[in-house]
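Visitor: I'd like a close look at just one part of this model, the strand pairing. Could you pick a strand and walk me along it, partner by partner?

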Amino acid sequence: MTHRAGVMGWNQPFKKIEKYALWSLFAQGEFGLCCPMSMTDAAATVLTNYASKEMKEKYVPKLTSTSMDDLFTAGQFMTEKHGGSDVGENTVSAKLNGGHYEIYGDKWFCSNVSGDIALVLARPEGASRGSKGLAMFLVPKYLDDGTHNHYTILRLKDKLGTKDMASGEVNFHGAIGYVVGSIENGFKQMMSMVNASRLSNAVRSTGIMRRSFLEAIETAKEREAFGGKLIDLPMMQENLVEMQLDVEAAQAMILYTAHQFDENDQNVKGANEMMRILTPILKGYICKRARYVSAEAMEVRGGNGYIEEWVNPRLVRDAHLGSIWEGTTNIVALDVIRAMRKEQAGEVLLSRLRQTVTSLPESSELFTMAQSAVDAQITHVESVMKDVVKSTDREVDAFARHFLELLYHTTVLVRLLEEAAVEVKESKSYRKLYVFFQYYRRYVSREPRSIQDAHSTTTVSKQMLLWQPIHFEDVEEYGRYVLKQAVTM
């Protein structure tokens, strides 16, 4: 749901790409509060898309209000103790009573449990088993007469991180709920909310990675050891470059995916398939990677990084939640396979990537060589994808996470190469092209890294780390070396 006109000086509603860019900045300061923001935003979108006119008019203005006097926040109550990610096993029931339903049972992990409304999955009496039998209900915290609805927060979760956002266990004992949209499509409607929340998770994890990297780079620039600044030590540069590659790749991916959400709003052909497959790819890879980056940044700061007076412990704790919220890494990896098989989303993605690569305006020899290497990578992924899609063996599921990472790295390459072409045109700097070659060498090239990699990057890595312009002659030798290694794969 886009924010209202007039917020922060805007005279028109936010686009998705603007919204998520803002959230990525906010998440660098505070990760946990982004959950209530995301739940509320997603609930407003779900109600706008599926709810009755009366329900929209009653709740959407409050969910999108910019005034704290009448703002509502929303929660999403889906998970149950016995089911976890297997939502089809949920047992919370709903009994029809006049014009509303009464909901009974327990929810085990309710994010933003103190919200003013909750979107709840429950099974109406007589409905079929499995996820198809679940309906979505809007459950207000307070009823129209001002009394509290009939549910109890049994306890708050004592979580590893996100201490500033309440998560809890809830018992429904006849809570009044109102059907949202089609009673037969509750799970499908909830998944549209989950899909938006998954992108939000990736955005938040990107924020954590960027904050972690900034803490590390500032420490390395200021701290002296072994006769110089940490940033001038080759091993420290290696640590920092690895983190920075993760950050720049993740930022490129979240903004690209947010753009697909905007295009889907405009009914652009293929945009729905693009956001359908990109969202679980980002959720699976970026959220998992944030754990590593935040931990590496803690180590850069040394013993101080382990002390609560610094931000690093909080970043490490919060980073672990991204992979769990809205489906674990295994669940979203399987969802990527599902998107390829049922919606041909993989074919759309690879077609878009190849179209981007072949249409880049930069035509120098080095760029042309890079384009050929990326095109070969796309061809390789196409071959693997065909095998995955046509296979009916459940054992293929063991490959799902690897394939998710393969798609992520391939898409990142295209994004970085496109950004490099734009940078060369606008500023004559080849910094982003250097980032592309570094990323290609580390995550795609089949040849093991060697001592030559160290010799080829020593003089340029610090410029990359400090976001300084890089000249073509500083990139060319390393780029040709990387592509030469790729030929032998």
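Guide: One term before we start: two strands count as paired if DSSP finds at least two bridges between them. Keep in mind, too, that this is a predicted model. The strand to follow is β3, residues 100-111.

Let's begin with β2, which covers residues 93-97. β2 and β3 run antiparallel and share five bridges. To find your place on screen, look for lysine 95, which sits opposite glutamate 102 of β3. β2 and β3 form a hairpin with two residues between the strands. Click on glycine 98 in that hairpin and you'll find a positive phi, near 70°.

Now for β7, made of residues 167-179. β7 also pairs with β3 in the antiparallel sense, this time over nine bridges. A handy marker here is aspartate 106, which faces asparagine 171 in β7.

That leaves β1, residues 74-79. β1 is joined to β3 by two bridges, and these strands run antiparallel as well. Two bridges is just what the cut-off of at least two asks for. To spot the contact, go to glutamine 76 and look across to serine 111 in β3.

So here's your route along β3: glutamate 102 facing lysine 95, then aspartate 106 facing asparagine 171 of β7, and finally serine 111 facing glutamine 76.

Note on methods. Residues numbered from 1 in each chain as written. Predicted model: local features only at pLDDT ≥ 70, side-chain atom pairs only at ≥ 80, totals over all residues. Heavy atoms only, no water. Helix = DSSP H or I, 4+ residues; strand = E, 2+ residues; numbered from the N terminus.
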